[in-house]
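Visitor: I've never looked at this one before. Could you walk me through it, one question at a time?

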Amino acid sequence: VVPATSSSTPGMSLMGGGGAAAAAAAAAAATTTEVTGTVRHTHIQENTIWSLAAGGAAGAEYVEFDVMLSRDGVPVIHHDWGLRLPGASRIRMPVTHLSAAQFTRLPAQVMTNDVVTRESTVAAEADDGLASRAEALARSRTLSSAGTASAGTALAGGVDSAAAGANTRRLAALGLDAVVAPADKAGAAAAAGVARDYSLGMRDGLGTLYDVLTRVPTDTGANVEVKYPTAAEAAAYGLRQPERNFFADRILDVVYAAAGDRRIMFSTFDPDMAVVLARKQLRYPVFLLTEAGTPPAPLPDARMNSLASAVAFATAPAVGLFGIVTDVTPLLTAPRMVAAVQHDARLALATYGRANNDPAVVALQVAAAVGAVIVDHVSAVVASLRHPAAATTSTSDSVVVAAAAAVDAGADAAPAVSTAAS
C-alpha cells in the first residue's frame, strides 16, 4: 500500500504483497532483469521476515502475508498449503502436518501449491516404504549426546510423547536432519542436499506470526491474511482443518501479545472465518477477500468468487465487515464498481492482482479513489507515483485507455479510505 504522506496518492494505502504473484515475479527474474523506468526490482523470497521488512522500507504502508497453523497450533507464515522437504525424496508435506520447530528449520521456497500427496500417502511412504532408509541414515551419522538428546524435542515442537518419537522417525525417513541446530539453516540446507538457487530470489528462513510482529519495524502495518482451508482444499491437499474458533484464537493470541501499536488488518477468503474474527475483537478491521470471477474455474463459495456476493455478505446486518479485498481486473473494465463498493455499500476497498504491478493501473485506481492497492513491486510503483512522467506500462493499451476514459467520464469517486485500525 502506498502511504499518503510519501507519494502523490493522498488517501490511498500501498500494500506490499507476499504471495503467489511475488513468486511469479521472482521466477521471471531468473531469465531477465526487470526494470520499470529506472527502478530495478530486487527479488527476495516471499513470505519471509526479510521480504516483509524490505517491503516496508521500500514504501509500503502495510505488508501482506499469509498465516496458517502448524501441527502444534502455532501461527506460521506461508502461502502454499504444502512445502518440499529436503532430501532426495523431494516429497511435499502439508504445512499443517509440521510443528513450528520443524517448519522454521526449512528454507524458504518458491510457491507452487500443486496437489502432490495426501497425508495418508506421506505417512505410508515415511513409515513403511522408507523405513530402511531411516535406519541407514541413523547408522551413517555420528551423533553427539547433546544432539541426540535435543533432536526429539526440536522435531516434535516441544511435545514429549510416543508421538514425538514417531514424528522424529517419520521426518528422518523423509530426509530431514534431526541433529543440525535450527539456527544453522545454511548448514541444514547443505546437509540435506537442498540446492541454493539464488536466481529465484534472495532467501531468508521461514518464520512465525510472532517473528513478523516482533522483527519487522513497527511503523510497517500488517495485513494478516488468515488462510483457512475450504473443505475441498483440505481434501485435495490432505490438510488438517482445525475448528475456526481455535484457528482464530491462536492468531489473535499472538497479535494481542506482540502487535503493540502496529497497525493491523485481517483479511480472509473464508466468509465464516471473517465473521469469527470480527466477532471476537473490535480493535482491528476485517476484510473479505474475493477473486471476483477471475479464476478459470469458479470457487466453491460464491462469496469468494463474486464481488457482488462478497459485498452483499459484508454489508449484511448480522455480519458488518469493514471492507472488501478484490482482484483488480473487474475494476479496470468497470471503474464505477469502485463507487458501488466504497460509496453505495460504504465498505473500504482494496485490490490485488498482477496488474497492480503496472504503475498505470495503480494511477487509474488513484484517480478512482480506491482505498488501498496491494502490489509486489513496491519500489517501482512508489517511484512511478512520485514521478509519474517516468512511469512505463506493460498492461494492454486498450484496457488502460478504456478504464481511463471511464474515470474521466465521471465515475463517482468515493472518499479515500484508511485501512488503519480504529
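What follows is a chat about this predicted model, going from the whole chain down to single residues.

Visitor: Let's start broad. How many helices and strands does the protein chain have?

Guide: We're looking at a chain of 422 residues, of which 53% count as buried. Its secondary structure comes to 19 helices and 13 strands.

Visitor: Among contacts between residues at least 6 apart in sequence, what share joins residues at least 24 apart?

Guide: Here we leave out pairs that sit fewer than 6 places apart in the protein chain. Of the contacts that remain, the share joining residues at least 24 apart is 70%.

Visitor: Which residues touch the most other members of the largest nonpolar core?

Guide: That core has 74 residues, and its largest share, 7 residues, comes from helix H11 (residues 244-258). Apart from it lies another core of 11 residues, including Met265 and Ile374. Back in the largest core, the ones touching the most other members are Phe65 and Phe266.

Visitor: Which residues does Phe266 contact, leaving aside neighbours within four places in sequence?

Guide: Some of its contacts fall in H11's stretch of the chain, 244-258, among them Ile251, Leu252 and Val255. The others are Asn223, Val224, Val226, Leu277, Gln281, Tyr284, Pro285, Val286 and Phe287.

Visitor: Now the strands. Are the two faces of E13 covered or open, and which residues show it?

Guide: Side chains in a regular strand alternate between the two faces of the sheet. In E13 (residues 372-375), Ala372 and Ile374 on one side are buried. Both faces are covered, since the buried residues on the other side are Val373 and Val375.

Visitor: Which residue is the bridge partner of Leu14 in E13?

Guide: Strand E1 (residues 13-16) pairs with E13 in the parallel sense, over 4 bridges. Within E13, the partner of Leu14 is Val373.

Visitor: And which residue stands opposite Ala372 in E13?

Guide: This time the pairing strand is E12 (residues 348-352), which runs parallel to E13 and is joined to it by 2 bridges. Opposite Ala372 stands Ala350.

Visitor: What is the handedness of the crossover from E12 to E13?

Guide: Between those two strands the chain passes through helix H17 (residues 359-367). That makes a β-α-β crossover, and its hand is right-handed.

Visitor: Asp358 is in the loop between E12 and H17. Which residue's backbone nitrogen lies 2.9 Å from its side chain?

Guide: Asp358 counts as buried because its relative accessible area is 3%, under the 20% cut-off. Its C-alpha atom is 8.9 Å from that of Val375, 17 residues away along the chain. The backbone nitrogen lying 2.9 Å from a polar atom of the Asp358 side chain belongs to Ala360.

Visitor: Why do the buried residues of H14 end up on the same side of the helix, and what arc do they cover?

Guide: An α-helix has 3.6 residues a turn, so residues three or four places apart point the same way. In H14 (residues 307-314), the buried ones are Leu307, Ala310, Val311, Phe313 and Ala314. They are on the same side of H14 because the arc they cover around the axis is only 165°.

Visitor: At the start of H14, which backbone nitrogen does a side-chain oxygen of Ser306 reach?

Guide: The oxygen comes to within 3.3 Å of that nitrogen. The residue it belongs to is Ala308.

Visitor: Ala292 and Arg346 each have a positive phi of about 55°. Which is buried and which is exposed?

Guide: Neither one is a glycine. Ala292 sits in the loop between E10 and H13, and it counts as buried because its relative accessibility is 14%. In the loop between H16 and E12, at 70% relative accessibility, the exposed one is Arg346.

Visitor: One last spot. Which side chain makes a polar contact with the side chain of Thr96?

Guide: Thr96 lies in the loop between strand E7 (92-94) and helix H3 (100-104), and it counts as buried because its relative accessibility is 7%. Leaving aside neighbours within four places, Thr96 is in contact with Leu69, Ser70, Arg71, Leu239 and Arg240. Its side-chain polar contact, at 3.0 Å, is with His97.

How values were computed:
Residues numbered from 1 in each chain as written. Predicted model: local features only at pLDDT ≥ 70, side-chain atom pairs only at ≥ 80, totals over all residues. Heavy atoms only, no water. Buried < 20%, exposed > 50% of the residue type's maximum accessible area, 1.4 Å probe, protein only. Pairing = 2+ DSSP bridges. Right-handed = clockwise from strand over helix to strand, strands pointing away. Polar contact = N/O pair within 3.5 Å; in protein donor to acceptor, adjacent residues only side chain to side chain. Contact = heavy atoms within 4.5 Å. Arc of directions from axis to C-beta. Core = buried A, V, L, I, M, F, W, Y, C linked by side-chain atoms within 4.5 Å.
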